[in-house]
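Work through the exercises below with the model open beside you. Try each task before reading its solution.

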Amino acid sequence: MKDAGFERRWRQRFLERGANLEDDAGIAGWTHSGLHSRVRQFERLWRRADLEPGRWLDVGCGAGTYTRMLHAQGHGVWGLDYSTPSLQKARDRSDPAIPWLAADINHLPLADAAFDGVLCFGVMQALSDPTPALAEIRRVLRPGGEAWVDALNLRCLPTAVREWRRSRRGRPPHLRYDDPQGFRAAAEAVGLRPEALYWLPLAPGRLARLQPLLENRGTRGFLQAVPAAGAWLSHSFILRVRRV
């Protein structure tokens with residue numbers, strides 16, 4: 001069920017971060033090491049995908065970290081976020097050719113089938129229900145176009161323990177977490193066909209020295225080959241989908 005209060009609180013947090021912070025990580029709500037790890041892992045997957053240049057929309061772009069990355073690789077990319085302070089900082093530190101748009105993912109002011117691809121990172125955990133956002137992503141994709149959407153992983157063991165402790169103290173969830181299978185089903189229900197699911201392991205801050213081990217080729221191969229292990233050990237995941 002949609003919780004307007006939950007989303008309103010997160011909207012206010014992101015507006016404040018955009019207004020008061022300068023670094024991309026802080027604006028996005030990550031630590032420096034956390035954002036750098038996520039970017040490294042995404043870049044590796046993106047290079048392997050070897051996509052032809054196209055027209056992309058980066059939803060929830062924040063200060064433009066991924067927008068600039070796609071632009072540098074020859075994609076015609078738009079950055080979109082509801083935080084106007086974040087968008088101003090993205091514009092100030094980016095190529096003037098990149099267009100920026102202030103809007104809500106649940107109500108995109110864009111034409112149907114306008115984009116070849118959509119990137120949506122760091123958004124789903126601040127929504128009380130992913131379905132309207134996934135439906136909007138599908139709407140603005142051309143037939144056959146693809147989207148890369150990330151979500152926080154409900155099955156991650158450290159997350160499960162942390163949320164159990166919050167519950168015992170009578171505290172509500174700080175963020176919303178998605179079950180990978182349930183997220184796949186939600187995407188399929190709105191007409192997005194899952195193509196791949198990529199695990200994104202992230203070591204807790206006190207164990208950050210272990211991050212290189214989590215990102216090495218052997219560990220990545222193991223997590224992809226053994227989905228249960230990927231689910232237990234990965235802080236988040238990327239679902240790659242295609243409009244049918």
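Two strands count as paired if DSSP finds at least two bridges between them. Keep that rule in hand for the first exercises. The model is a predicted one.

**Exercise 1. Find how many bridges join strand E5 to strand E7, and in which direction the two strands run.**

Step 1. Locate strand E5 at residues 141-152 and strand E7 at residues 236-243.
Step 2. Count the bridges between E5 and E7: there are seven. Pairing needs at least two bridges, so E5 and E7, with seven, are paired.
Step 3. Compare directions: E5 and E7 run antiparallel.
Step 4. Check one pair: Glu 146 has Arg 242 of E7 as its bridge partner.

**Exercise 2. Work out the strand order of the open sheet, and name its edge strands.**

Step 1. Read across the sheet: E3-E2-E1-E4-E5-E7-E6, seven strands with mixed pairing.
Step 2. Look at the ends: strand E3 (100-102) and strand E6 (192-200) each pair on one side only, which makes them the edge strands.
Step 3. Judge the turn: neighbouring strands of this sheet are turned by 15° against each other on average, direction ignored.
Step 4. Add a helix: H5, residues 84-92, packs on the sheet and touches strand E2 (76-81) and E3. The direction of H5 makes about 175° with that of E3.

**Exercise 3. Describe how H1 and H5 pack.**

Step 1. Recall the description: two packed helices are described by the angle between their axes and the distance between the axes.
Step 2. Apply it: the angle between H1 and H5 is about 40°, and their axes are 7 Å apart.
Step 3. Give the hand: H1 passes H5 in a left-handed crossing.
Step 4. List the contact residues. H1 brings Phe 14, Leu 15, Gly 18, Ala 19 and Asn 20. H5 brings Thr 84, Pro 85, Ser 86 and Lys 89.
Step 5. Sort them by class: the contact of H1 with H5 has four nonpolar, four polar and one charged residues.

**Exercise 4. Characterise the largest pocket: what is its volume, and which residues are closest to its centre?**

Step 1. State the volume: the largest pocket holds about 1000 Å³ of space.
Step 2. Find the centre: 40 residues line this pocket, and the closest to its centre are Arg 162, Leu 202, Ala 203, Pro 204 and His 235.
Step 3. Trace the walls. Helix H1 (4-20), helix H3 (32-49), helix H7 (157-168), helix H9 (211-215) and helix H11 (227-233) each give two or more residues to the lining.
Step 4. Pick the top contributor: H7 supplies the largest share, eight residues.
Step 5. Sort the lining by class: 21 nonpolar, twelve polar and seven charged residues.

**Exercise 5. Do the same for the second largest pocket.**

Step 1. State the volume: about 260 Å³.
Step 2. Find the centre: of 16 lining residues, Phe 6, Pro 172, Pro 173, His 174 and Leu 175 are the closest to it.
Step 3. Trace the walls: H1 and H7 are the elements that give two or more residues.
Step 4. Pick the top contributor: H1 gives the most, with four residues.
Step 5. Sort by class: eight nonpolar, two polar and six charged residues.

**Exercise 6. How many cavities of 30 Å³ or more are there, and what lines them?**

Step 1. Count: there are two cavities of 30 Å³ or more.
Step 2. Take the largest cavity. About 390 Å³ of space lies in it. Its lining has 27 residues, with Gly 60, Gly 62, Asp 81, Phe 121 and Gly 122 nearest the centre.
Step 3. Name its elements: helix H2 (24-28), H3, helix H4 (65-72) and E2 each give two or more residues. H2 provides the largest share, three residues.
Step 4. Sort the lining of the largest cavity: 17 nonpolar, seven polar and three charged residues.
Step 5. Take the second largest cavity, with about 30 Å³ of space. Arg 38, Phe 42, Tyr 66, Phe 121, Asp 150, Leu 200 and Ile 238 line it.
Step 6. Sort the lining of the second largest cavity: five nonpolar, no polar and two charged residues.

Conventions:
Residues numbered from 1 in each chain as written. Predicted model: local features only at pLDDT ≥ 70, side-chain atom pairs only at ≥ 80, totals over all residues. Heavy atoms only, no water. Axes fitted to C-alpha atoms, helices over the stretch in contact; angles between N-to-C directions. Contact = heavy atoms within 4.5 Å. 1 Å grid on protein atoms, 1.4 Å probe; cavity = no way out; pocket = protein on both sides within 12 Å on 5 of 7 lines; lining within 4 Å. Points joined across faces, edges and corners; volume = space filled by probe spheres on them. Nonpolar A, V, L, I, M, F, W, Y, C, P; charged D, E, K, R; others polar. Left-handed = near helix turned anticlockwise from the far one by under 90°.
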